Number of protein chains: 2
Amino acid sequence: MVEPRLIEELKGIVGEKNVLTSPEELLCYSYDSTVLQHLPEVVVLPKTTDEVAASVELANREKIPIVPRGAGTNLAGGTIPIQGGIVLSLTRMTQILEIDTVNVVAVVQPGVVTAKLQAEVAKKGLYYPPDPASLKVTTIGGNVGMNAGGPHALKYGVTSDYVMGLEVVLPSGAVIRTGGKAIKNVTGYNLTQLFVGSEGTLGVVTEIILRLIPQPRASGSVLAAFSDLDDAATLVNRILQAGVTPAVIEIMDHLTIQTVDDYLQTGLPRDAAALLLIQVDGVREAVEQELKIVAEMCQDAKATPIEVATTQDEEEALWKARRSISPSLTRVRPNKLGEDISVPREAIPEVIRRIQEISRQRDLPIVIFGHISDGNLHPNILFDQQDPEEVDRVEAAAADIFAASAAVGGTLSGEHGIGLLKKKYLSLDLPAETIEVMRSIKRALDPNNIMNPGKIFPQK
Amino acid sequence: MVEPRLIEELKGIVGEKNVLTSPEELLCYSYDSTVLQHLPEVVVLPKTTDEVAASVELANREKIPIVPRGAGTNLAGGTIPIQGGIVLSLTRMTQILEIDTVNVVAVVQPGVVTAKLQAEVAKKGLYYPPDPASLKVTTIGGNVGMNAGGPHALKYGVTSDYVMGLEVVLPSGAVIRTGGKAIKNVTGYNLTQLFVGSEGTLGVVTEIILRLIPQPRASGSVLAAFSDLDDAATLVNRILQAGVTPAVIEIMDHLTIQTVDDYLQTGLPRDAAALLLIQVDGVREAVEQELKIVAEMCQDAKATPIEVATTQDEEEALWKARRSISPSLTRVRPNKLGEDISVPREAIPEVIRRIQEISRQRDLPIVIFGHISDGNLHPNILFDQQDPEEVDRVEAAAADIFAASAAVGGTLSGEHGIGLLKKKYLSLDLPAETIEVMRSIKRALDPNNIMNPGKIFPQK
């Protein structure tokens, strides 16, 4: 319980106008991008690391839950203050502190919006590849907390691959630094990667050193339709085995194609079992050669039609279908539950077929699309939240999907995180001993269990 | 103290002939590739995970130190049984359990020699890039324990970039699995990367899932000599900023060039301040274009001579100088202390000049070479261990080098680890609070402090 004297103390730390307590303000911080919700008792908006440290120290002293939060775009209930207490919004810490073109790194505060960072580094010919779908609103701090991925993961990796160092406020209020600008670093344990993806349960990230790379100089895309799902999956393996690593390979299944075509009406191949969108990038000559290799391989794999785009306008047109998936879904049903399983690449056709079966068995439309080349699929279950019976079936279908992933050696979450939404399924994925090691680390760093409590781990 | 009854119990676990106790056998496991040494009380050579688990469980029950070890090539004193006890040699666990060409991963036991794995995956057109200099004898388990790097790190990363999952025997003897074959995985804390580079202080790695990549189809190299160190450093930045990421960029400083030329007598440019060796790889067309870009940039940077190699034989000839550094050094002085600082790339010329100054001040030859593109330098101090006064100066020079690295935001170790050799310098690199977080994790996982005790952390 956050008593009035503590509210006053928090106002002393961050200033009166940066402490929110009115019901309508608290409501704004009660949800994320899931359907879950819980009210905090107070929202604190610090501007500096010192203010974060003082706020966390207060929470620790008083044993009050404290939940760090960026833009709240996460899809796992990771930032919902499920036990009340303090929401610590990092959205005022928006400075890009440095874009260092010699060491090719950026140093940023957690509240920097991902697309803003990408735009700023692009002005210097540099590139920050992680591209979660929410990148126009999501923050780097949130991306670090959940280890956000995106379509570019196969070639370019996910958020964790770019985090070289952190400033972290520990649950005690102490401030530590991990890693640094040196590319290689084996001094002590890898705390940086322990904090990345820890969903705000081990500390509050207040500064991030990010590796950047040079902007690829050219790109090109191929769109190919397949009447057989296996042909599409086989093609992906053949491309990779040929030594071509596309920047992106996206798949859309039969129902996704039809849903998008109903929405766009641009004449997508409605009868196809799967559509692949493949983008290569790099130096111009390599792009041209790789596009040729990929198009030929599509032909060998009996894809039809095959479209190749080499200019920016042509690429825009090809990618319109992929970008239209999300808006098209709400025309089918008002709500969706977007899942995020990640499986070994070879299991993709088997898992897609299994999910299509679940769709029939549970009598729910499930569109399947995602990042086929890295095995990360987003089956989206479409439903109406006003219909409680349908909601029950959604719950059952989601459990079926997790089980299907676990059955082929896959994981619960490729890039969305566990949060509240998947914690009850954690033991499907991880053995009890592994979970216990994670819990022991949580206890060692946060003995009072104040940092984002109730997340990741199932109740004992 | 390992009592006779425990020796008998260990024989019961791994078989009589896999428990070594004779003085001459113990001596073989008393050292690594540093000059440090300490005898174990017993050496145990398990063949299976169950045997490892039973051995560790015994050590934990009896509170006896246990030190996991591969080929003992590490350069930090990481595998020296400084408190006696048990050395657990993983060199009998040599199976490559699986090379999965669809998911492009290998599953191996810790005793597999790195070069052996590279050769086996190459037969299937695949590539395991981490290439520590000792790769012909070093084991994957040792590479994971120390997070070994190598010249290919800039483009291809270090060991940790390839470890997707582990089987680990915890200090309690419990066996856990982390990660898996799925490329993206954000389920729970990143335990995989916590164990990688933890130098055997948190558990014993008994199985490793490694990411592989397709073999690059072609490569080519450029050798360029510079009369000014800054020109060489600037060139590296220009190449990277131009969007070309070479597989390798190695630097040799003035003294290294002279030492190698004395040895090889092949007419290296003895007056040059620095020699750069640059290798690019990829598809043939891209390699040709990138070689052209690099050679032109060398010309613009006033390098002379510039040699370009496009065939394998030509490349071999160019790289002979680099590969001859180690053998050439013993002709100067009988002993060497190879350091391993890693600094932000822009600080390279400053740090090289500072180390040359230290060499003069301490009156010791220090050859400087290493992986300039990722900021990882190996200053090798050449000396005679029979001369105690000279050994004192080596110690002082090493401390000077660490301080020089710390002064520019660098780290103590880029790829060799901390072990015994650098633990007293840990607080030069990490603040007390950061070290305390690491210690708290060590205590949480290994409350009896049996796993490779006395390493990484300075005595309190």
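The side chains of A:Asp262 and A:Arg270 make a polar contact at 2.9 Å. That's one detail from a predicted model in which chain B can be laid on chain A with an RMSD of 0.0 Å. Below is a quick tour: the Asp262 spot, how the copies relate, a few helices, the backbone oddities and the cysteines.

**Around A:Asp262**

- A:Asp262 sits in helix H9 of chain A, which runs over residues 254–264.
- With a relative accessibility of 37%, A:Asp262 falls into the partly exposed class.
- Setting aside neighbours within four places in sequence, A:Asp262 has contacts with A:Arg270 and A:Arg331. The link to A:Arg270 includes the side-chain polar contact at 2.9 Å.
- A:Ser328 is 66 residues away from A:Asp262 along the chain, yet their C-alpha atoms are separated by 7.9 Å.

**How the two copies relate**

- Two copies of a chain are related by a rotation about an axis and a shift along it.
- Here, the operation that lays chain B on chain A is a turn of 180 degrees with a shift of 0.0 Å along the axis. The two copies are therefore related as by a two-fold rotation axis.
- The same surface serves both copies, with 100% of the contact residues of chain B recurring in chain A.
- Which residue of chain B comes closest to the rotation axis? That's B:Ala286, whose C-alpha is 2.6 Å from the axis.

**Helix H11 of chain B**

- H11(B) covers residues 312–323, 12 residues in total. From first C-alpha to last it reaches 15 Å, close to the 16 Å expected at 1.5 Å a residue.
- An α-helix has 3.6 residues a turn, so residues three or four places apart point the same way.
- The buried residues of H11(B) are B:Glu315, B:Leu318, B:Trp319, B:Ala321 and B:Arg322. Their arc around the axis is only 130 degrees, which puts them on the same side of H11(B).
- Turn to the face away from that buried side and you'll find the exposed residues B:Asp313 and B:Ala317.

**Helix H3 in both chains**

- In chain A, H3 takes in residues 49–62, and its 14 residues should span 20 Å at 1.5 Å a residue. The end C-alpha atoms are indeed 20 Å apart, so the helix agrees with expectation.
- The buried residues of H3(A) include A:Thr49, A:Val52, A:Val56 and A:Leu58, and also polar or charged names such as A:Glu51 and A:Asn60.
- Right after H3(A) comes A:Lys63, with a positive phi near 55 degrees.
- Over in chain B, B:Thr49 is in helix H3, residues 49–62. Is B:Thr49 buried or exposed? At 16% relative accessibility, B:Thr49 counts as buried.
- Not counting residues up to four places away in sequence, B:Thr49 touches B:Met93, B:Glu167, B:Val169, B:Val175 and B:Thr206.

**Backbone oddities**

- Most residues other than glycine have a negative phi, and most peptide bonds are trans. The next few residues are worth a look with that in mind.
- A:Glu199 isn't a glycine, but its phi is positive at about 55 degrees. A:Glu199 belongs to the loop between helix H7 (191–195) and strand S10 (204–211) of chain A, and it's buried, with a relative accessible area of 4%.
- A:Ile456 also has a positive phi, near 65 degrees. This residue is in the segment after helix H16 (432–445) of chain A. A:Ile456 is buried, and its relative accessible area is 0%.
- In chain A, the peptide bond from A:Thr304 to A:Pro305 is cis, with omega near -5 degrees. A:Pro305 is in the loop between helix H10 (284–300) and strand S15 (306–309).
- Chain B has a cis bond between B:Thr304 and B:Pro305, with omega about -5 degrees. B:Pro305 is in the loop between helix H10 (284–300) and strand S15 (306–309) of chain B.

**Cysteines**

- How many disulfides are there over all chains? The count comes to zero, going by cysteine sulfur atoms within 2.5 Å.
- A:Cys28 is partly exposed, with a relative accessible area of 45%.
- B:Cys28 is partly exposed too, at 42%.

Terms used. Residues are numbered from 1 along each chain as its sequence is written. Chains are lettered from A and ligands numbered from 1 in the order in which they are written. This is a predicted model: local features need pLDDT of at least 70, side-chain atom pairs count only at pLDDT 80 or more; totals for chains, interfaces and linings use all residues. Side-chain values use heavy atoms; hydrogens and water are left out. Copies are superposed by least squares on the C-alpha atoms of residues with pLDDT of at least 70 in both. Contact means heavy atoms within 4.5 Å. Helices (H or I, at least four residues) and strands (E, at least two) are DSSP runs, numbered from the N terminus. The expected span of a helix is 1.5 Å times one less than its number of residues. Buried means under 20% relative accessible area, exposed over 50%, partly exposed in between (1.4 Å probe, protein chains only). The arc is that of the directions from the helix axis to the C-beta atoms. A polar contact is a pair of N or O atoms within 3.5 Å; within protein, one must be able to donate a hydrogen and the other to accept it, and residues adjacent in sequence count only if both atoms are side-chain atoms.
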